[in-house]
Amino acid sequence: MINLKLLENNYEKFVSKLNAKKVSSELIKELLDTFNTLKKERLELENLQSFQNAKSKELGELARNKADTTPLKDELSKNKEQMIKQNEVVKILEAKLDEIASCVPNIIDDDVPIGEDENDNVCIKEVLTPPIFDFEPRAHYELTPELDFERGAKISGSRFTILRGEMARLSRALVNYMIDFNQARGFELVNVPFLVNANTLYGTGQLPKFKDDLYKVDDEDLYLIPTSEVPVTNIYNDEIIDASNLPIKMTCYSACFRKEAGSAGRDTRGMIRQHQFEKVELVSITHPNDSEKILQDMVDCASDLLKSLGLAHRHMLLCSGDLGFGAAKTIDLEVWLPGQNKYREISSVSNTRDFQARRAKIRYKQDGKNALVHTLNGSSLAVGRTLIAIVENYQKADGTIEIPEVLKRYM
């Protein structure tokens, strides 16, 4: 949730940052108008309450002096009726403001480049050199029958894949290796449910904005998770953490489920874009003063993991128009895929500042005072895309696939 105090303190800057994230002027105006109307109606309620308190004291004085209290009682009774009506007006406006604000994305950090889409993202670092082949490299879906797309579609539909034999073993090896790698970097392993309630999804920003991209269980307040960021971050939903326990760094393996609404026609071949996929996630909950450093630590962790697998990749600072809903700043890692002859996203590491913490009511206590934490999340890594990268980068002319040295003991 955005900090509505920014509307008062620095409205022009606030609006410019929302415009950079492609928020419509109509939504911004509706937010501001509702905010100002609520302020006005709250002031009216406060005036009625002050009047009630002052006149109640006066009534007490009259009663003690055995004076006639009837006129004042009538006045207080009428004022109380107005207070009840005004309180209802304020409640309705508060609910309306909350509904509007819940659909407004996080504002961008000052160092985020302004841009329209992925073409305006900025490359800040390249790691390793893409391999050179003495043959025409093939895409992953051309290399092995152990990626079974036809039977996956038969039993579930399009964008579902069955992994068989060595591909299934390689996928499991990657999960175990990623978890061990992240634990060695100080991230605690957690195992969480794959089904969560609406309040949990609201806390990390998936609801109400992205309802159409979620799989919901009929007649129950349960949804399949789109990413383990959702349950892991919400472990501390509506809790106050002692500042001495920060940062809290966690890693988690999960399956992820997305309808991929709006992606019709994109990446229809292979397993780049699936309705069900596996991911190892990094989540950090930290003191606001440390969140920028933690962001870099998480990027380094994911990048070093790719480097250990011998996979060429680059760090991309996302522009304002390509940032996710809850992100104030995001660095994507894009891995080289020879079969496509281009880099593709394999990890996205984001600092949401206090945006999720405000929605999920995650606070820390320091010197007797409560304040909002900062939350961060990132893929480390998307398992399916890492498998694709290994298959394509380690392919041989005869169609066989070499296994990276660090994974051999896991195979």
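Strand β11, which spans residues 329-337, contains D332, and in this predicted model the residue is buried, with a relative accessible area of 5%. Although D332 and M316 lie 16 residues apart in sequence, their C-alpha atoms are 5.0 Å apart in space.

R258 offers a second position to consider, since it is found in the loop between β8 (248-257) and β9 (276-286). With a relative accessible area of 25%, R258 is partly exposed, because values under 20% count as buried and values over 50% as exposed. An unreviewed UniProt entry lists R258 under "binding site", together with K259, E260, E345, I346, S347 and S348.

The two residues are set side by side below.

| Residue | Element | Relative accessible area |
|---|---|---|
| D332 | strand β11 (residues 329-337) | 5%, buried |
| R258 | loop between β8 (248-257) and β9 (276-286) | 25%, partly exposed |

Turning to the helices, the axes of α3 (residues 25-64) and α4 (residues 70-101) come within 8 Å and cross at roughly 155°. Angles over 145 degrees count as roughly antiparallel, and α3 and α4 are therefore roughly antiparallel to each other. The crossing in which α3 passes α4 is left-handed, and the residues of the contact between these helices divide into 18 nonpolar, 9 polar and 11 charged.

As for the overall arrangement, the chain is divided into domain 1, covering 24-103, and domain 2, covering 118-407. The centres of domain 1 and domain 2, taken over C-alpha atoms, are separated by 48 Å.

Methods: Residues are numbered from 1 along each chain as its sequence is written. This is a predicted model: local features need pLDDT of at least 70, side-chain atom pairs count only at pLDDT 80 or more; totals for chains, interfaces and linings use all residues. Side-chain values use heavy atoms; hydrogens and water are left out. Axes are lines fitted to C-alpha atoms, for helices over the stretch in contact, and angles run from 0 to 180 degrees between N-to-C directions. Helices (H or I, at least four residues) and strands (E, at least two) are DSSP runs, numbered from the N terminus. Angles under 35 degrees count as roughly parallel, over 145 as roughly antiparallel, 65 to 115 as roughly perpendicular and the rest as oblique. A crossing is left-handed if the near helix is turned anticlockwise from the far one by less than a right angle, and right-handed if clockwise. Ala, Val, Leu, Ile, Met, Phe, Trp, Tyr, Cys and Pro count as nonpolar, Asp, Glu, Lys and Arg as charged, and the others, Gly among them, as polar. Domain bounds come from an automatic or database domain assignment. UniProt positions are given in the numbering used here, feature names are shortened, and annotations may be inferred rather than shown by experiment. Buried means under 20% relative accessible area, exposed over 50%, partly exposed in between (1.4 Å probe, protein chains only).
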